[in-house]
Amino acid sequence: MKKLIYLFFITAITTSCGVIQKSAKSEFSTDFYIQKINGEKQKVYVNIEEDNFYIYPTKRQNKERIIDSSKPFQLYSKQFNDTTVKNTWFKKRTLDIDFLTIPLKFRPEQNGVPSQLNANLNGAVFIGYRTDKYTIKYRTNPLGKLDRHSNHYGFSFGLFSGLGNTAMTPTTTKGYLTTEYDGIVWSKGISGIIAINNFTAGVAVGFDNLLDKNKTHWVYETKPWLGLALGL
């Protein structure tokens with residue numbers, strides 16, 4: 001049991017540090033993207049230098065994607081005087097490895113125990129497929145110049161697994177227990193997470209396994225629940 005708990009916390013800390021070391025997913029960063037402008041999509045390379053976004057067209061060469069130097073690049077500065085600048089968006093898809101918590105779990109009625117909304121300490125490693133979309137729009141300020149505004153939208157869908165605790169009582173064990181304690185559970189399931197700029201939240205559907213000898217008496221053993229998921 002102790003080895004399992006240590007392994008969970010080591011995994012959680014390692015995953016969290018890896019996320020922190022990278023640039024936040026909500027930040028538009030230098031990378032390859034799919035761009036949509038004037039109703040057309042193209043694969044581009046974005047290079048960000050200070051407040052300027054340089055957008056370079058790309059092409060396939062020897063099974064690799066490289067910058068197409070024969071075509072001009074686009075410039076999206078923080079402020080423009082040119083009123084012909086076009087709004088655009090960029091999208092990329094990646095493997096998402098993250099750390100999430102599920103602060104609320106809705107458990108349906110089981111064995112005469114009414115439906116419950118539980119708030120327990122827990123954490124889980126999430127692995128899924130992620131799509132990030134970054135929009136760039138220009139708005140006219142009172143001086144007649146165009147200011148750049150950016151927004152980020154993201155969606156992830158995948159699997160999670162982690163540890164948490166739950167209240168073990170006579171009620172949740174059909175009268176088997178005469179005392180109460182906090183049991184350790186292994187949670188697992190699927191989750192969909194939506195991100196809007198720095199806000200990230202979603203829903204999760206999963207089930208728990210109690211990690212002690214009383215699991216055969218726990219009314220929620222392997223029973224599905226619906227939860228609120230919060231990610232980094």
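# Notebook: a chain of one helix and 13 strands

I began with burial and found that 41% of the chain's 232 residues count as buried. I note at the outset that the model is predicted, and that its mean pLDDT is 87, with 88% of the residues reaching 70 or more. For the accessible surface of the chain I have about 13,800 Å², and carbon and sulfur atoms hold 58% of that.

**Overall layout.** I looked up the secondary structure next, and the chain holds one helix and 13 strands; read along the sequence, the helix comes before the strands, in the pattern α-β-β-β-β-β-β-β-β-β-β-β-β-β. I then took the contacts between residues at least 6 apart in sequence, and 60% of them join residues at least 24 apart.

**Confidence by element.** Which elements have the lowest and the highest mean pLDDT? Helix α1, residues 2-21, has the lowest at 41, while strand β11, residues 181-196, has the highest at 95. Over residues 1-23 pLDDT stays under 50, and for this stretch the model has 22 contacts beyond four places in sequence. Where pLDDT is low, predicted coordinates should not be read in detail, so I leave the stretch at that.

**Backbone angles.** Most residues other than glycine have a negative phi, and I therefore looked for exceptions. K174 is not a glycine, yet has a positive phi of about 55°; K174 is found in the loop between β10 (146-168) and β11, and counts as exposed because its relative accessibility is 51%. N197, also not a glycine, has a positive phi of about 55° and lies in the loop between β11 and β12 (199-210). N197 has a relative accessibility of 30%, so I entered N197 as partly exposed.

I also went through the hairpin of β3 and β4, which has two residues between the strands, and there N62 takes a positive phi near 55°. The two strands, β3 at residues 52-61 and β4 at residues 64-67, run antiparallel and are joined by four bridges. I looked up the partner of Q61 in β4, and the bridge goes to E64.

**Nonpolar cores.** Where does the largest nonpolar core draw its residues from? This core has 15 residues, and F28, Y76 and F90 are those with the most contacts inside it. Two or more residues come from each of β1 (31-37), β2 (40-49), β3 and β9 (122-140), and β9 gives the most, with three residues. I followed F90 outward, leaving aside neighbours within four places in sequence, and found F90 in contact with F28, Y33, I34, Q35, V44, V46, I55, D132, K133, Y134 and I136. Another core, of nine residues, lies apart from the largest one, and L100, F160, I193 and W225 are among its residues.

**S156.** Is S156 buried or exposed? S156 has its place in strand β10 and counts as buried, because its relative accessibility is 1%, which falls under the 20% cut-off. I then checked which polar partners its side chain has: a polar contact of 3.0 Å joins the side chains of S156 and D96, and another, of 3.2 Å, goes from the side chain of S156 to the side chain of R130. Leaving aside neighbours within four places in sequence, the contacts of S156 take in both of these residues together with F126, Y129, S191, G192 and I193. I note that I193 is also among the residues of the nine-residue core.

**E221.** My last entry is on E221, which lies in the loop between β12 and β13 (224-231). With a relative accessibility of 15%, E221 counts as buried, because the cut-off for buried is under 20%. Which residues does E221 touch, not counting those up to four places away in sequence? I found D208, N209, L210 and K215; with N209 there is a polar contact between side chains, at 2.9 Å. I also looked up the separation of E221 from F207, 14 residues apart along the chain, and the C-alpha atoms of the two are separated by 7.6 Å.

Key
Residues numbered from 1 in each chain as written. Predicted model: local features only at pLDDT ≥ 70, side-chain atom pairs only at ≥ 80, totals over all residues. Heavy atoms only, no water. Buried < 20%, exposed > 50% of the residue type's maximum accessible area, 1.4 Å probe, protein only. Contact = heavy atoms within 4.5 Å. Areas by Shrake-Rupley, 256 points an atom, 1.4 Å probe, with all protein chains shown as cover. pLDDT = per-residue confidence, 0-100. Pairing = 2+ DSSP bridges. Polar contact = N/O pair within 3.5 Å; in protein donor to acceptor, adjacent residues only side chain to side chain. Core = buried A, V, L, I, M, F, W, Y, C linked by side-chain atoms within 4.5 Å.
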